[in-house]
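Let us walk slowly through a protein structure, looking at how a helix sits among its neighbours and how some aromatic rings are arranged.

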Amino acid sequence: MSINFFEHQKTIAKNLLTFIRVKGHSKLSLSKLTGISRPTIDQLLKGESPSQTTYNGQIAKINQTFELPDDYFITAQSTPSLTHPLAYAYSDHRVGMEKSEKAKELLEGLDNVLDIYSMYV
């Protein structure tokens with residue numbers, strides 16, 4: 001099956017984020033497992049890849065790494081039953097609203113701390 005993943009970037013970004021959260025991966029662990037750089041993982045999760053050829057190859061690599069069907073991140077996935085319930089956090093930042101520079105800096109720092117923590121777990 002030959003799918004042009006590039007046409008489905010936003011859907012794939014949403015489903016990929018859900019996938020890594022449910023599977024307990026961090027951006028860093030996904031990067032290490034797939035061989036895709038951490039900044040590129042960020043682009044995938046934002047749905048902002050500039051190159052169609054590269055993007056298609058990266059999604060195919062993720063599918064291959066986890067032995068997923070080609071259309072896994074395009075089709076709606078049901079959440080598998082978990083031993084603990086999912087936790088949700090309230091945010092007043094919705095699509096179209098920008099975070100302040102200070103908030104971006106703090107969240108990036110927190111993300112880095114979590115990545116470092118994931119290396120030791």
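Two parts of the structure are said to be in contact when they have heavy atoms within 4.5 Å. The model is a predicted one, in which local features need pLDDT of at least 70 and side-chain atom pairs count only at pLDDT 80 or more, while totals for chains, interfaces and linings use all residues. Residues are numbered from 1 along each chain as its sequence is written, and side-chain values use heavy atoms, with hydrogens and water left out.

Helices here are DSSP runs of H or I with at least four residues, numbered from the N terminus. What covers the buried residues of helix 4 includes helix 1 (9–23), helix 2 (27–34) and helix 3 (38–46). Those buried residues, meaning residues under 20% relative accessible area (exposed is over 50%, partly exposed in between, with a 1.4 Å probe and protein chains only), are Y55, N56, Q58, I59, I62 and N63. Seen down the axis of helix 4, they fall within an arc of 160°, taken from the directions from the axis to the C-beta atoms, so they line one face of the helix. On the other side of helix 4, T53 and Q64 are exposed.

Aromatic rings of Phe, Tyr and Trp (its six-membered ring) pair if their centres lie within 6.5 Å, and planes under 30 degrees apart count as stacked, over 60 as edge-to-face and the rest as tilted. By this rule there are 5 aromatic pairs. The rings of F19 and F66 have centres 5.1 Å apart and planes at 75°, so this pair is edge-to-face.

Key: Helix = DSSP H or I, 4+ residues; strand = E, 2+ residues; numbered from the N terminus.
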